[in-house]
Amino acid sequence: MDAYLMAFVIGGLICVIGQLLMDLTPLTPAHVLVLFVVLGGILSGFGLYQPLVDLAGAGATVPLPGFGHTLVSGTMEEVEKTGLIGVFNGGLKAAATGVAAAVVFGFAMAVIFNPKG
């Protein structure tokens with residue numbers, strides 16, 4: 001039960017911060033998206049995001065900073081294994097499953113439901 005609560009609280013706080021940034025600053029949703037992904041990557045590079053992932057699980061990996069964390073941690077792992085070439089393929093390998101799932105499920109929803117517009 002604690003894991004669900006922490007995922008809800010941490011994920012909710014990340015979303016609240018994003019909403020406040022959009023409501024109270026001139027930042028657009030695109031700016032917030034880029035900001036969150038980059039911040040997740042920077043925090044991951046300094047080893048500060050993994051403790052949040054350990055605490056909150058999906059509450060920290062599903063929101064946008066989690067994508068930045070996935071890219072950077074995958075790149076760092078691949079660099080350790082293969083050297084410099086890991087800079088180019090590490091992030092792609094780490095994020096491939098999530099990106100593929102988003103494409104497949106997005107396509108399925110477009111086929112199933114009739115968009116209005």
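Trainee: What pattern does the protein follow when it is read along the sequence?

Mentor: This is a predicted model, and its secondary structure comes to six helices and zero strands. With no strands to place between the helices, the pattern along the sequence reads α-α-α-α-α-α.

Trainee: What share of the residues of the protein count as buried?

Mentor: The C-alpha trace spans about 50 × 35 × 35 Å along its principal axes, and the protein exposes about 8100 Å², of which carbon and sulfur atoms supply 77%. A residue has to fall under 20% relative accessible area to be called buried. Of the 117 residues, the portion that counts as buried is 23%.

Trainee: Which helices do the buried residues of H1 pack against?

Mentor: Helix H1 covers residues 2-24 and reaches 32 Å from its first C-alpha to its last, close to the 33 Å expected at 1.5 Å a residue. Its buried residues are Ile10, Gly11, Ile14 and Gly18. An α-helix has 3.6 residues a turn, so residues three or four places apart point the same way. The helices that the buried residues of H1 pack against are H2 (29-45), H3 (50-56), H4 (58-61) and H5 (64-82).

Trainee: Which elements give two or more residues to the largest nonpolar core?

Mentor: In soluble globular proteins, nonpolar side chains tend to be buried together. Here the largest nonpolar core has eight residues, namely Ile10, Ile14, Val32, Phe36, Tyr49, Val53, Ala56 and Ala60. The elements that contribute two or more residues to this core are H1, H2 and H3.

Trainee: Which residues does Ala56 touch, leaving aside those up to four places away in sequence?

Mentor: Ala56 belongs to the largest nonpolar core, as does Ile10, and a contact requires heavy atoms within 4.5 Å. Once residues up to four places away in sequence are set aside, those that Ala56 touches are Met6, Ala7 and Ile10.

Trainee: Which helix gives the most to the nonpolar surface patch?

Mentor: The patch amounts to about 870 Å² and is made by Leu33, Val34, Leu35, Val38, Leu39, Ile42, Leu43, Phe46, Leu48 and Leu64. With seven residues, the helix that gives the most to it is H2.

Trainee: Is Leu48, one of the residues of that patch, buried or exposed?

Mentor: Leu48 lies in the loop between H2 and H3. Exposed residues are those over 50% relative accessible area. Because the relative accessible area of Leu48 is 54%, this residue is classed as exposed.

Key. Residues numbered from 1 in each chain as written. Predicted model: local features only at pLDDT ≥ 70, side-chain atom pairs only at ≥ 80, totals over all residues. Heavy atoms only, no water. Helix = DSSP H or I, 4+ residues; strand = E, 2+ residues; numbered from the N terminus. Buried < 20%, exposed > 50% of the residue type's maximum accessible area, 1.4 Å probe, protein only. Areas by Shrake-Rupley, 256 points an atom, 1.4 Å probe, with all protein chains shown as cover. Expected span 1.5 Å × (residues − 1). Core = buried A, V, L, I, M, F, W, Y, C linked by side-chain atoms within 4.5 Å. Patch = residues over 30% accessible without salt bridge, like charges linked within 9 Å, V, L, I, M, F, W, Y side chains within 5 Å. Salt bridge = Lys/Arg side-chain N within 4 Å of Asp/Glu carboxyl O.
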